[in-house]
Amino acid sequence: MREQIKAIAFDLDGTLIDSVPDLAVATQAALAELGLATCTEAQVRTWVGNGAEMLMRRAMSHALGTAVEQTALDAAMPIFMHHYQENLEKHSALYADVHQVLKILFDAGFKLAVVTNKPYRFTLPLLEAFKINDFFSLVLGGDSLAKMKPDPLPLQHLLAEWQLDKSELLMVGDSKNDILAAKAAGVASIGLTYGYNYGEDIGLTGPDAVCEQFVEILRWLNLAQPV
């Protein structure tokens, strides 16, 4: 299967960029403005992966000790969005070897995309801030289509947009949402162990390969690794 791969879709948070430090700052600031008990960065690491609204729902539910009414969540979201806009790349960082590996894949002729559940308005600025935006010819945020991962729609959109067979697309991510989306779309997947997966072993979701480091993607694709 790996010999047929022509395009690769990457998750963003927990895969390319460690964005939790900034997400935690924004979440803590939003909770404080709402008069709610704060949270830790470690807790935020277990809450990310299903989009900004679910992050705030989990944070508010934890602070309140009960489920959050949709009206309260709707009122809280602009507050969170403001604080995250102010703290988008202050403390975040690229994971090791990401820029180098993306360049190798790009130069080798692979089509590259970002498929994230992060709102689109935050995705492009992050890619630009870390100077990796030029590697990607297509970027999908969590609000770019009618559904987000683990629904297969974003990957199906890629297949249609690039006129690819299912055997030609690879999904790389750190969360079960990435692997489940890939399985539902019928494409190959690589699960990364270093990201955010709700404290669960990414291997339990059954990706085609499990990698502990980003650079190992090259080995799976039978490409030369940087020295």
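Let me begin with a definition: I call a residue buried when its relative accessible area is under 20%, exposed when it is over 50%, and partly exposed in between, using a 1.4 Å probe and protein chains only. By that rule aspartate 174 is buried, since its relative accessible area is 2%.

Please keep in mind that this is a predicted model, in which local features need pLDDT of at least 70 and side-chain atom pairs count only at pLDDT 80 or more, while totals for chains, interfaces and linings use all residues. Residues are numbered from 1 along each chain as its sequence is written, and side-chain values use heavy atoms, with hydrogens and water left out.

I will start with the annotated site. The UniProt annotation "binding site", from an unreviewed entry, covers Asp11, Asp13 and Asp174; UniProt positions appear in the numbering used here, feature names are shortened, and annotations may be inferred rather than shown by experiment. Although these residues are spread over 164 residues of sequence, they cluster in space, with a largest C-alpha distance of 8.3 Å.

Where in the fold do they sit? Aspartate 11 is in the loop between strand S1 (7–10) and strand S2 (17–18), whereas aspartate 174 is in the loop between strand S6 (169–173) and helix H8 (176–185); helices (H or I, at least four residues) and strands (E, at least two) are DSSP runs, numbered from the N terminus.

Aspartate 11, at 6% relative accessibility, also counts as buried. Leaving aside neighbours within four places in sequence, aspartate 11 has contacts, meaning heavy atoms within 4.5 Å, with residues including Val115, Lys149, Asp174 and Asp178. With the side chain of lysine 149, the side chain of aspartate 11 makes a polar contact at 2.8 Å. A polar contact here is a pair of N or O atoms within 3.5 Å, where within protein one must be able to donate a hydrogen and the other to accept it, and residues adjacent in sequence count only if both atoms are side-chain atoms.

Aspartate 174, not counting residues up to four places away in sequence, touches Asp11 and Asp13, and also, among others, Tyr196 and Asn197. Its side chain makes a polar contact with the side chain of threonine 15, at 2.9 Å.

Now the cavities. On a 1 Å grid over the protein atoms alone, a cavity is a set of points where a 1.4 Å probe fits but cannot get out, and lining residues have an atom within 4 Å of a point. Grid points are joined across faces, edges and corners, and a volume is the space filled by probe spheres set on the points. The structure holds two cavities of 30 Å³ or more, and the largest has a volume of about 230 Å³. Of the 22 residues that line this largest cavity, the closest to its centre are Asp13, Val48, Gly49, Asn50 and Gly51.

Finally, the aromatic rings. Rings of Phe, Tyr and Trp (its six-membered ring) pair if their centres lie within 6.5 Å, and planes under 30 degrees apart count as stacked, over 60 as edge-to-face and the rest as tilted; the count by this rule is six aromatic pairs. Phenylalanine 10 and phenylalanine 136 form an edge-to-face pair, 6.3 Å centre to centre with 70 degrees between the planes. Phenylalanine 10 is buried, with a relative accessible area of 0%. Phenylalanine 10 and phenylalanine 214 have ring centres 5.7 Å apart and planes at 35 degrees, so that pair is tilted. Ring pairs thus link Phe10, Phe136 and Phe214 into a cluster.

Notes: 1 Å grid on protein atoms, 1.4 Å probe; cavity = no way out; pocket = protein on both sides within 12 Å on 5 of 7 lines; lining within 4 Å.
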